[in-house]
Every structure is written in C-alpha cells, then in structure tokens.
Amino acid sequence: MALHREREPRPASFWLLAIFFGLFLVFLYGPTLTIFVLSFQGPQGGLTFPMRGWSLHWFARLAEGLGVIDVWAALRRSLKLGLAVMGLTILVSVLAGLAFRKKLRGGDALFYLTIASLIMPSIIVSLGIGLQFRLIDTGVQRLLEALEWEWALEHFTTTMGLGTSALGAHLTWTLPFGLLIMFAVFNRFNPAYEEAARDLGATPWQAFRHVVLPLIGPSVVGVGLFGFTLSWDEIARSSQAIGDLNTLPLELQGLTTTVTTPAIYALGTLTTVVSLLAIGLTLLALAWLRRSRRLP
C-alpha cells in the first residue's frame, strides 16, 4: 500500500521570491496594459483614470491623422526599415557564423569590434553617424560644384535617409545580437552532418540548403525577430541619423509633447500590436520548421 506523503510547507524564502516576481511582472507589463486600456476611452475620456466610457473613438481619430503628422506614412517607413534591417541582419549573421567556423586571421579583433557597439551609448553612435553623413554631404556638394553640375547641386539635399544612415544606425544595434546568436549556434553545430552530405555527393550549396539551413532554421528565425523588433522600437540611434523623415517611434516621441488625448495611447496600442504580430508570426514559423523536420 502506497504511503501518503504530506506536502512540505513552502519556506518563507519561496513566498518572498514569489512576491518579488509578481511585482516584477506588474512593473514590466503594467504600463503596457494601462495604455492598452486607456486607449479604449470614450469620446470624453482623458489621459488618466477613471475611464469615461468605452469606445473605439480614439482609434478612429488616429485613422484620420494627428495634426500635421502623417502617422500612417511613418508606420510604413518603420515597417520598410524594419524589414530591411531584418533581412540584412539574417544574411550577415548567417554568413559570419559560417565564416567564423574556421580560424580567421584577425577574427578575434573583428568580433570584438563588431559587438563593441553594444556597450557604446546609443545617442553617441547616432551622433557619430549623423556627423559622418554630414561630412559626406559636404564632400558631395563640393564635388558637384567642381563638376559644375548646377541642376544636381540645386536638387541635392542630403545623403542621409532610411536606406543609408538610418539603416546603418539600426544595423549597429541588431547585428551584434544576430552574430552572438549564430556564433552560439555554430559552436554547438555538429559538422558530421554536413560532411556526410558532402560524402554522398552534395555540393557545398546543397549541403547548406538541405542540411545546415534546416538545422539552424529556428535560430535564423529568432535572429530575424531580433532584427525587426529592435529596429521597430529604436529611437536613440535613429534620432540623429534619420534625415528629414521620421520613423514611427520618433513621431510617437514627438507626439507625447503635443497630443493630450487618448489618441496617443491608441497609437501606442497599434505599435504594440505590430510587435505582438511579429512575435506570433515567429512562433508560427518555428512550429512549421519543427513540424517539417519531423516529416519523412
């Protein structure tokens, strides 16, 4: 006959840690939940509690636009920039991970130079990139003057923009994370699978496509998620290197000093939903990869 064992009481340290963890969750997700709830205020609602009715009024106001700021254009710019950063982060991280499987001359120095931007203040990185592109602008202007291209000189404004300075600024933030992930993945990767494929007659590309890539696929998806979400939320590295057009986070930062209605909360809810959708799509991609690897 099985003996019934009484459950031992939890020690006091367990409850202290449980309370601390609960407070941490409230501190972490409480502000987001508060903004989400306040964004559904009624037409007479304000920026604080208590709630004055429930409606989608402020989302409708958001769709109409917020003053002189084109929120939807900023949203499209952020999406384009985030997708570009995601693609380049995946490409460079995977290629670097493959390259660093072999001993490279100067590889250690290159690695530390790459991840050094993680410890540098973001605003300093942004200022440096902005200054660099201003010097480039001066050089371009002098070149156009020397060539006497008056039409080009009249229409030239700056080389800064989403596809140049902003893209580079965001990559200084996303690439180190992608590289660290891929280095950790390839550090555990068993090259025997790839060697077996080569012994069976596979070309280097076929071995990578059919053996290596399926094995590192979940990590590649994770790198893509890091690249998009870090770019989507970035403010400091964009502030001095964005050029004439702002991304959505920069517009949101500017609106906090001019918009005094729950429409600002509706915009915050929208940006959070986009981030959650990116996470959801990532989880679906990971589930599909796991399922496809189990299929014969």
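## Close-up views of helix packing, rings and single residues

**View 1. The crossing of helices α5 and α7 is right-handed.** The model shown in this and the following views is predicted. Helix α5 covers residues 122–147, and its axis comes within 10 Å of the axis of α7, with a crossing angle of roughly 150 degrees. Angles over 145 degrees count as roughly antiparallel, and α5 and α7 are therefore roughly antiparallel to each other. On the α5 side, the contact is made by V125, I129 and F133. On the α7 side, T164, S165, G168, A169 and T172 take part.

**View 2. Helices α7 and α9 cross at roughly 155 degrees.** Helix α9 is made up of residues 204–232, and its axis and that of α7 come within 9 Å. At this angle α7 is roughly antiparallel to α9. The crossing of α7 and α9 is right-handed. From α7, the contact involves H170, W173, T174, F177, G178, I181, M182, V185 and F186. From α9, the residues in contact are V212, I216, S219, V220, V223, F226, G227, L230 and S231.

**View 3. Helices α4 and α7 pack at an angle of about 135 degrees.** Two packed helices are described by the angle between their axes and the distance between the axes. Here α4, which spans residues 107–115, has its axis 9 Å from that of α7. The two helices, α4 and α7, are therefore oblique to each other. Their crossing, α4 with α7, is left-handed. F111, T114 and I115 are the α4 residues in this contact, and they meet P176, L179, L180 and F183 of α7.

**View 4. Aromatic rings form twelve pairs in the structure.** In one of them, the ring centres of F111 and Y112 are 5.3 Å apart and the ring planes stand at 65 degrees, so this pair is edge-to-face. The cut-off for edge-to-face is over 60 degrees. F111 and Y112 also belong to a cluster, linked by ring pairs, that includes F100 and F183. F111 of α4 and F183 of α7 were named in View 3 as residues where these helices meet. Y112 is exposed, with a relative accessible area of 54%.

**View 5. W173 and F177 lie four residues apart in helix α7.** A pair of aromatic rings is described by the distance of the centres and the angle of the planes. Helix α7 runs over residues 162–188, and the spacing of W173 and F177 is about one turn of the helix. F177 has a relative accessible area of 25% and is partly exposed. W173 and F177 are among the α7 residues listed in View 2 for the contact with α9.

**View 6. R10 lies over the face of the ring of F14.** The distance from R10 to the ring centre of F14 is 4.4 Å.

**View 7. The peptide bond between F49 and P50 is cis.** Most residues other than glycine have a negative phi, and most peptide bonds are trans. For the bond joining F49 and P50, omega is about 5 degrees. P50 sits in the loop between α1 (12–38) and α2 (57–64).

**View 8. E148 has a positive phi although the residue is not glycine.** Its phi value, for E148, is near 60 degrees. E148 belongs to the loop that lies between α5 and α6 (150–155). The relative accessibility of E148 is 62%, and the residue counts as exposed.

**View 9. S238 and S78 are two buried serines.** S238 is part of helix α10, residues 236–239, and has a relative accessible area of 0%. Leaving aside residues up to four places away in sequence, S238 touches S126, H170 and L250. S78 is in helix α3, residues 71–99, and has a relative accessible area of 4%. With residues up to four places away in sequence again left out, S78 touches W232, T247, L248 and P249.

**View 10. P191 and V212 are 21 residues apart in sequence.** In space, their C-alpha to C-alpha distance is 8.9 Å. P191 is in the loop between α7 and α8 (192–199). At 39% relative accessibility, P191 is partly exposed. V212 is one of the α9 residues in contact with α7, as listed in View 2.

Terms used
Residues numbered from 1 in each chain as written. Predicted model: local features only at pLDDT ≥ 70, side-chain atom pairs only at ≥ 80, totals over all residues. Heavy atoms only, no water. Phe/Tyr/Trp six-rings, centres within 6.5 Å; stacked < 30°, edge-to-face > 60°. Buried < 20%, exposed > 50% of the residue type's maximum accessible area, 1.4 Å probe, protein only. Lys NZ or Arg CZ within 6 Å of the ring centre and 35° of its normal. Axes fitted to C-alpha atoms, helices over the stretch in contact; angles between N-to-C directions. Parallel < 35°, antiparallel > 145°, perpendicular 65-115°, else oblique. Left-handed = near helix turned anticlockwise from the far one by under 90°. Contact = heavy atoms within 4.5 Å.
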